[in-house]
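Work through the exercises below with the structure open. Each one gives a task and then a stepwise solution.

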Number of protein chains: 2
Amino acid sequence: MTHNKSSLATPAELHTFVGAALRAADLPAGDAEAIASLMVQADMQGSDGHGVIRLSQYVKRIEAGGINRVPKIRMVSDRPAMAVIDGDNGMGHLVVTAATKLAIEKARETGVAWVGTRNSNHAGPASLYARMAVEQKMIALYFAVGNANHMPPWGGTDLLLSTNPIAVAIPTKDEVDVVLDMASTATAYGKVKAKAKRGELMPEGWMMDRSGRPLVDPTKSDEGFLLPIGGHKGYGLALVIGILAGTLNGAAMGKQVVDFNKDSSTRTNTGQSIVVLDVNAFADLEDFTRAIDTLIGDLRNSAKLPGVDRIWMPGEQSAIKRERFRAGGIPISNGVLRDLDLLADQLSIGRLKTFSTATTGVL
Amino acid sequence: MTHNKSSLATPAELHTFVGAALRAADLPAGDAEAIASLMVQADMQGSDGHGVIRLSQYVKRIEAGGINRVPKIRMVSDRPAMAVIDGDNGMGHLVVTAATKLAIEKARETGVAWVGTRNSNHAGPASLYARMAVEQKMIALYFAVGNANHMPPWGGTDLLLSTNPIAVAIPTKDEVDVVLDMASTATAYGKVKAKAKRGELMPEGWMMDRSGRPLVDPTKSDEGFLLPIGGHKGYGLALVIGILAGTLNGAAMGKQVVDFNKDSSTRTNTGQSIVVLDVNAFADLEDFTRAIDTLIGDLRNSAKLPGVDRIWMPGEQSAIKRERFRAGGIPISNGVLRDLDLLADQLSIGRLKTFSTATTGVL
């Protein structure tokens, strides 16, 4: 990824800035801290469509009354291996964190646990929550309904489906944890937004217009729709993920999905589902993680196509970015920085402290 | 799908034939019946790469000692919401049926249950087992490690991954149940085999040769590999599905996978995982299934791209085939029929009774 005209911020400065903005929007201090921490993690792993780029939008929604600043997050269904949590329209980061913690706790007892959310909100990249389980050496699967419909059913043109992502995280012994985080579309809409902010064109295959022509200008994204991976397969995947994360939890899906890019005041009733597996219930943890390390080694060291330098594991490039950005700073594009400066002035908080980079880096 | 030069068999005749073949291969009569029933279901829903086309191969493997005719299927791990079953190298259909029944039973208690298998074998199309849960008005997810590696990791050329399918089945009220059944590759290897049997070429995008050129002749499938859906995304999906269905259950994955097309005697140690959700734990079943019917109606009745007649739901075309083939007979290609005739003669059983169709039907 080439970051043209970007500045850098240290993780600490970015955290401080996001926390200050959320407190200035009247979120309780503890919640502002927790959300800031997750948003900085998103940018640090290169999920630049789901991190600080969303801050102005979150603040706008909080101030428009579209988010409950002091939600009473509560369980509305409960069985030994499952629960449904009502997020009371709080910030999604808080609701999904609560769901993930509960799933981890239940999985320790029952071996596997599935916790769904309703009345939640956009919570950043799916991998953040799957990784919470991996830090406990557990496996997690995560499904979410996206917060705007950008895809028609296969063969259609009405935007009735979102990019509905799936994440799966698997612990290792010495290798980087395996963390798959993928939209069921060829790209996530957040990446379209990031392209627009950076003033770049999209590759063909990301979007199509309503007459079936490729759409490459991200500022014209309203004139078309995202394309699913594998044609009808990605459509089917988006549909079932939406049902598992939305309909099943009593959350929005299909026509009910509120476009949070255009509407900041209507309750989104976002749904997510997290599934946690206690590896110890299936196998000896040491044996299992060693087997995953061996599998990774077999894949990485296998023969490569001409011109290919390295075979990557899901999550590996994010892990490298995490280390690089921790040490060298997180790239913030000039478009995003302008937004954040405006936001700082509106909220009467200090602007984000950045330092510039002489050369543009290919990461 | 155009069936050139095919004959038709009634479901009852096909069932009788498959059952007789398996009994002649010395499987116990009850097991032969259960397997025949699932294999006929596969062909009836149009999963023609996973039904009777595999019969000769199964018999060859049984006779070569690669399958245990009288397995003692037993639980090796057990927690309230999970289990791992050791299939004792029995026919996969029996092992996965046992796993599915156990997952359904456990899910009624705990809300959600996850049951994995090891020492299992090829079990036919993933959707068969997900549909068993749907018949109980429950939701199911199914993951499996394929029985031959046909795909390299993204950027590689060594065949270290299979097509590792995922199935998700969701009950409805009056609509056809939603049943997604997809390989993480652009196509399943069974479909390549079916193309070869029918003497047809493959479309570009299904396979690639080791120098990166499209491969369209299914009889040359050994010279290349299957392509994942969505590039690196499908690779990631195949990898995590393989870990969830294989490594986690102590079953084969990666280098350990035995190519059952080439080797009929080595134990495959196939792994599968089935996850069952009791809808009643999450929502009122009536409300949920009605919501799914509404969602389906919204999608089906939405605007279509020029030239598109109908928007399909996952599983809908299979359901239509099921009804059509039940009434009008199951198409058996001449290539498959020749194999079955040979098999009948070898086993000294009556040949499959078929009737021919005057016109070739576009289904």
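The model is predicted.

**Exercise 1. State which strands help to cover the buried residues of α6(B), and which residues of this helix are buried.**

Step 1. The cover of the buried residues of α6(B) includes β8 (207–209), β10 (224–226) and β12 of chain B.

Step 2. Helix α6 of chain B spans residues 189–198. Its buried residues are B:Tyr189, B:Gly190, B:Val192, B:Ala194, B:Lys195 and B:Arg198. Buried here means under 20% relative accessible area.

Step 3. Look just past the end of the helix: B:Gly199 follows α6(B) and has a positive phi of about 70°.

**Exercise 2. Find the sheet that contains β12 of chain B and give its strand order.**

Step 1. The sheet is open, has three strands in the order β12-β1-β13 (chain B), and is paired antiparallel.

Step 2. β12 (330–333) and β13 (355–356) of chain B are the edge strands, each pairing on one side only.

Step 3. Between strand β1 (residues 6–9) of chain B and β13(B) there are two bridges, in the antiparallel sense. To find the register, take B:Leu8, whose bridge partner in β13(B) is B:Phe355.

**Exercise 3. Describe the seven-stranded sheet of chain B: its order, its edges and the helices that lie on it.**

Step 1. This open sheet has the order β2-β3-β4-β11-β5-β6-β7 (chain B), and its pairing is mixed.

Step 2. At the edges are β2 and β7 of chain B; each has a single partner strand, so one side of each has no neighbour in the sheet.

Step 3. On average, neighbouring strands of the sheet are turned by 10° against each other, direction ignored.

Step 4. Begin the pairing at β2. Strand β2 (residues 74–79) of chain B runs antiparallel to strand β3 (residues 82–86) of chain B, and five bridges join them. With two residues between them, β2(B) and β3(B) form a hairpin. B:Met75 has B:Ile85 as its bridge partner in β3(B).

Step 5. Move on to the next pair. β3(B) runs parallel to strand β4 (residues 112–118) of chain B, and the two are joined by five bridges. Opposite B:Met82 stands B:Trp114 in β4(B).

Step 6. Add the helices. Helix α4 (residues 92–110) of chain B packs on the sheet and touches β2, β3, β4, β5 (139–144) and β11 (272–277) of chain B. The direction of this α4 makes about 160° with that of β4(B). Helix α5 (residues 127–134) of chain B lies across β5, β6, β7 and β11 of chain B, at about 20° to β6(B).

**Exercise 4. Decide whether B:Thr110 is buried or exposed, and list its contacts.**

Step 1. B:Thr110 is located in helix α4 of chain B.

Step 2. Its relative accessible area is 4%, so B:Thr110 is buried.

Step 3. Leaving out residues up to four places away in sequence, B:Thr110 touches A:Arg79, A:Pro80, A:Ala81, A:Met82, B:Pro80 and B:Ala81.

Step 4. For a distance along the chain, take B:Ala281: it is 171 residues from B:Thr110, and the C-alpha atoms are separated by 8.5 Å.

**Exercise 5. Compare the class make-up of two helix contacts, α4(A) with α5(A) and α7(A) with α9(B).**

Step 1. Helix α4 (residues 92–110) and helix α5 (residues 127–134) of chain A have axes that come within 10 Å and cross at roughly 30°. Angles under 35 degrees count as roughly parallel, and α4(A) and α5(A) are therefore roughly parallel to each other.

Step 2. The residues in contact are A:His93, A:Val96, A:Thr97, A:Thr100 and A:Ile104 of α4(A) with A:Tyr129, A:Met132 and A:Ala133 of α5(A). By class, the contact of α4(A) with α5(A) has five nonpolar, three polar and no charged residues.

Step 3. Helix α7 (residues 232–245) of chain A packs against helix α9 (residues 285–300) of chain B at an angle of about 150°, their axes 12 Å apart. This makes α7(A) roughly antiparallel to α9(B).

Step 4. A:Tyr235, A:Leu239 and A:Ile243 of α7(A) meet B:Phe288, B:Ile292, B:Leu295 and B:Leu299 of α9(B). The contact of α7(A) with α9(B) has seven nonpolar, no polar and no charged residues.

How values were computed
Residues are numbered from 1 along each chain as its sequence is written. Chains are lettered from A and ligands numbered from 1 in the order in which they are written. This is a predicted model: local features need pLDDT of at least 70, side-chain atom pairs count only at pLDDT 80 or more; totals for chains, interfaces and linings use all residues. Side-chain values use heavy atoms; hydrogens and water are left out. Two strands pair if DSSP finds at least two bridges between them. Helices (H or I, at least four residues) and strands (E, at least two) are DSSP runs, numbered from the N terminus. Axes are lines fitted to C-alpha atoms, for helices over the stretch in contact, and angles run from 0 to 180 degrees between N-to-C directions. Angles under 35 degrees count as roughly parallel, over 145 as roughly antiparallel, 65 to 115 as roughly perpendicular and the rest as oblique. Contact means heavy atoms within 4.5 Å. Ala, Val, Leu, Ile, Met, Phe, Trp, Tyr, Cys and Pro count as nonpolar, Asp, Glu, Lys and Arg as charged, and the others, Gly among them, as polar. Buried means under 20% relative accessible area, exposed over 50%, partly exposed in between (1.4 Å probe, protein chains only).
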